[in-house]
Amino acid sequence: SFTVGGGAVIARALKTNTALKCLAFVGHVDVVFCEVLLVALQSNSTLQELSFVGSARLCSWLSPSFLALQSNYGLTELSINGVHLSDKKLSTAMRLGLGNNSTLKKLKLLNIEPGDNDTCLWREALSFLRTNAALKTLEMHFDCSVKKSRVAAIRMEVLAMLLGNESLETLYIYMACREIRIEDYPAFVAAIQPNTTLKTFRFSYYPPF
């Protein structure tokens, strides 16, 4: 546990650090922390793995961190626990940051809350799959707030975006609900055939821990 502002001090150190390879922030983050991290990641090229672990939903505050991915050339793995895709700033930042990134190989988005009223926002957030040419593994865990009407929409939207993706090799989609039916799989598999790079695919109602 850091005192107030302590996390930003650690993030600022990344601007000059040339040795650290892996870093995980556990607990609450705020807008100051993320803005400091944005500046640091723009000049850091040695950090390879970065993760945010916490129970709070990460919305606009996390936007600077995603935007930093446009100019960061070191990170290869990013893991974020708690993402609300109904936030406009965050959705735009994900589209820009991940869509223009050229080095990130693995992305894990855990406990995603897509929301019900702003479908266009989570579609924008996931649209980075259309332009990203580096990502190899994508793992997404949608929490129990995902309604039945959203399961099919999310599934087909990801499929549509994969049609233009030429780098992704592994895709895991987990839903914390039991609205996935076995009869849905044939249509999903048929729709994914035009993609020529995907090698491993898993679509399940709950992650197999």
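In this predicted model, Leu41, Leu50, Phe52, Ser65, Phe66, Leu69, Leu75, Leu78 and Ile80 line the second largest cavity. The enclosed volume of this cavity is about 40 Å³, and the count of cavities of 30 Å³ or more comes to two. Three elements, namely β2 (49–53), α3 (63–67) and β3 (77–84), each contribute at least two residues to the lining of the second largest cavity. Sorted by class, this lining holds eight nonpolar residues and one polar residue, with no charged residues.

Leu50, one of the residues that line the second largest cavity, also offers a handy way into the sheet, since Leu50 in β2 stands opposite Leu23. The strands β1 and β2 run parallel and are joined by five bridges. Looking further across, one finds an open sheet of seven strands in the order β1-β2-β3-β4-β5-β6-β7, with parallel pairing. At its edges lie β1 and β7 (200–204), each of which pairs on one side only. On average, neighbouring strands of the sheet are turned by 10° against each other, direction ignored. As a general point, the strands of a sheet pair through backbone hydrogen bonds, in either a parallel or an antiparallel manner.

The edge strand β1 leads on to the largest pocket, which holds about 390 Å³ of space. This pocket is lined by 17 residues, and those closest to its centre are Phe2, Thr3, Gly6, Gly7 and His28. The elements α1 (6–13), β1 (22–26) and α2 (31–43) each give two or more residues to the lining of the largest pocket. By class, the lining of the largest pocket comprises nine nonpolar, seven polar and one charged residues. The lining of the second largest cavity, for its part, has no charged residues.

Turning to charged side chains, a search of the whole structure finds three salt bridges. In one of them, Lys88 is paired with Glu124, and the closest N and O atoms are 3.2 Å apart. Lys88 belongs to helix α4 (residues 88–99) and Glu124 to helix α5 (residues 119–126), so this pair ties together parts that are 36 residues apart in sequence. The two partners are not equally accessible: Lys88 is partly exposed, at 48% relative accessible area, whereas Glu124 has a relative accessible area of 13% and is therefore buried.

Glu124 also forms a salt bridge with Arg95, where the closest N and O atoms are 2.9 Å apart. Since Arg95 lies in helix α4 and Glu124 in helix α5, this pair again links the two helices, tying together parts that are 29 residues apart in sequence. Arg95 is partly exposed, with a relative accessible area of 32%.

A further salt bridge joins Glu169 to Lys136, with the closest N and O atoms 3.8 Å apart. Here both partners sit in loops: Glu169 lies between α7 (148–162) and β6 (170–175), and Lys136 between α6 (128–131) and β5 (137–142), so the pair ties together parts that are 33 residues apart in sequence. Glu169 is partly exposed, with a relative accessible area of 26%, and Lys136 likewise counts as partly exposed, at 30%. Through shared partners, salt bridges join Lys88, Arg95 and Glu124 into one network.

Methods:
Residues numbered from 1 in each chain as written. Predicted model: local features only at pLDDT ≥ 70, side-chain atom pairs only at ≥ 80, totals over all residues. Heavy atoms only, no water. 1 Å grid on protein atoms, 1.4 Å probe; cavity = no way out; pocket = protein on both sides within 12 Å on 5 of 7 lines; lining within 4 Å. Points joined across faces, edges and corners; volume = space filled by probe spheres on them. Helix = DSSP H or I, 4+ residues; strand = E, 2+ residues; numbered from the N terminus. Nonpolar A, V, L, I, M, F, W, Y, C, P; charged D, E, K, R; others polar. Salt bridge = Lys/Arg side-chain N within 4 Å of Asp/Glu carboxyl O. Buried < 20%, exposed > 50% of the residue type's maximum accessible area, 1.4 Å probe, protein only. Pairing = 2+ DSSP bridges. Axes fitted to C-alpha atoms, helices over the stretch in contact; angles between N-to-C directions.
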